[in-house]
Amino acid sequence: MSERAESLVRDNPFIELRLDYLSQPLTAIPKLRSLLEVHPEVTFIGTCRRATNGGKFKGSLAAELAVLRKAADCGFPLVDLELQSAEALKASELGDLYDRVGMIISHHNFRSTKGLDEQFAAMTEYPADFYKLVSTATSLHDNVVMMKFLETNSAKYEMVGVCMGEQGIISRVLGVRAGSVFTFGAATKGEETAPGQALASELRDIYRIDMVDQATQVYGVVGDPLSHTLSPVMMNSAFRREAVNAVYLALHARSMKDLMACVRDIPIRGLSVTMPYKQEIIAALENSDPLTRQIGACNTVVRGADGKLYGFNTDVAGILMPLQQRLSLTGARVLIVGAGGAARAAAFGLKGKGAEVFIANRTAEKGQALARQAKVKYIKRADVAKLEFDVIINATPVGMNGSKQSPLEEKELNTKFVFDLVYNPAETKLIKMARAKNIQVIPGLEMFVQQGARQFEIWTGKPAPVAEMAYVVTKALERQAASEASEEQQAPAKKAAAKKTVSKVAPKKTAKPAKAKRKK
Ligand code: NAP
């Protein structure tokens, strides 16, 4: 712990040491004394959370008190005491702790963001340097509840408020401007001490939490599910590069109602919209541009100066731009595989540019319906191999997230260009097959960057830093591919190790006396 803290002090003047993660905290704490002495510039918090309160410490209340006293005596300026522990301690024991050290009184609700006022009233029965109230976000709007609570109470109390859970990211980033005096981030990936906790480095470098103030405009990507989205990395980099005082968050909305309540109350300046809300959101907006209405899908929302919400579709530009950089679209023969939202954007956009468009889709009726609406041709899958195209566009999710499938076979790729809209992974099976046939490829990353660049321009009125956006996404995809490759490499060894362990312990587990003992 001491070594880990030592490696973090340079960038982190404020560090919580989770003493409950030590197997023998009482014996270990004196060994932290030199760390505290050498770094008086760092504020260290000593926390020993008991298992009953969501921590790792299995000892009694008296043992927790002994650990916190020892921490105080070894130089910790602050210790964290859970409300339940404070309530159970005698006044004399509590008084003794107050005499020794600064105090954070904390309360964690692992289920919901309900009853904040009652919980806080119980906490303020005890004097403290800081009050830390942590709840769990079960909706996006819970973040609004937490931030309103902070705004109401933070003038009177030094306090920290944050929502746990994947949906709590809004409070982790914006809580500081609502009155939270600090927030919590994990030191390294895999070492998060609470569900949904972001890395401290992400909070600083991606979300620029140190810069967030009342003037910071809030944007986000909304979808369900929303794991592994690269939009926050790309858009926050763009804001940073162009010195725009804005932050962009991943908003995992489980319902349209929750999303719109959050958009209204924060208030959010702009949204990137992804599955499954691209169609549904149109009805919730005040107005949309004609192309968005024609396509029936919106991927960009902006709040105008009048406070109203307007919808746009930048997927069209995201598809057209990479193609126009390579060929003239007038008269170009383009096959679109798929008939969903992305295919609709491609069909209407390409038709508008004078291309000869063909649709092939797994479900014939959906493909035919799109072909009718966009006034393009529908072809059966069996006919694809018989025809020649200038461009084939994959607008299906086939090939995404390690599926290693291709939407078309090699013999069907009779084309000059293959444009795979799937961008994660960068090298899909389709892209590899096309390369092997010397067909020029356009990776989905180009669409991702271009649709994001147009969003940036709609929101800020500034030209987007396209090269910077492409660079950060490429790097993120490379890091992801490298970590997946190393996981794949380790998988056989892990499997073998697991087998060994099982075979060693199995005889004991199946032995009768051991079974009886376990039952007892
Ligand atoms: P969508 O609305 O769900 O449409 C998916 C389409 O793919 C449907 O036509 C569906 O056919 C077809 N499909 C799904 N699974 C299939 C399978 N196993 N085999 C054959 N066809 C299958 O999705 P979307 O919003 O259009 O997005 C499609 C893909 O485009 C996404 O997965 C994403 O990778 C990509 N995309 C990329 C960007 C970017 O910025 N690069 C932006 C948007 C989308 P049925 O009609 O038969 O169901």
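How do the residues of the shell around the ligand divide into nonpolar, polar and charged? This tour of a predicted model begins there.

**The ligand shell.** Select the residues around the ligand: 12 are nonpolar, eight are polar and three are charged. Of these 23 residues, the ones that come nearest are Ala339, Ala342, Asn361, Thr363 and Leu421. Next, colour helix 15 (341-352) and helix 19 (444-460), each of which supplies at least two residues of the shell. Helix 19 gives the most, with four residues.

**Backbone contacts.** Display the backbone of Ala342, where a polar atom is 2.7 Å from an oxygen atom of the ligand. At Phe448, a polar backbone atom is 3.3 Å from a ligand oxygen, and at Gly340 a backbone N or O atom lies 3.4 Å from an oxygen atom of the ligand. The protein covers 77% of the 920 Å² of accessible area that the ligand has on its own.

**The sheet.** Move now to the open sheet of six strands, ordered 1-2-3-4-5-6 with parallel pairing. Strand 1 (14-18) and strand 6 (159-164) stand at the edges with a single partner strand each, so one side of each has no neighbour in the sheet. On average, neighbouring strands are turned by 25 degrees against each other, direction ignored.

Zoom in on strand 3 (residues 78-82) and strand 4 (residues 102-108), which run parallel and are joined by five bridges. Here Leu81 stands opposite Ile105 in strand 4.

**Helices on the sheet.** Select helix 7 (residues 116-123), which packs on the sheet and touches strand 4, strand 5 (130-136) and strand 6. The direction of helix 7 makes about 150 degrees with that of strand 5. Finally, select helix 8 (residues 141-153), which packs on the sheet against strand 5 and strand 6, its direction making about 175 degrees with that of strand 6.

How values were computed. Residues numbered from 1 in each chain as written. Predicted model: local features only at pLDDT ≥ 70, side-chain atom pairs only at ≥ 80, totals over all residues. Heavy atoms only, no water. Pairing = 2+ DSSP bridges. Axes fitted to C-alpha atoms, helices over the stretch in contact; angles between N-to-C directions. Contact = heavy atoms within 4.5 Å. Near = heavy atom within 4 Å. Polar contact = N/O pair within 3.5 Å; in protein donor to acceptor, adjacent residues only side chain to side chain. Areas by Shrake-Rupley, 256 points an atom, 1.4 Å probe, with all protein chains shown as cover. Nonpolar A, V, L, I, M, F, W, Y, C, P; charged D, E, K, R; others polar.
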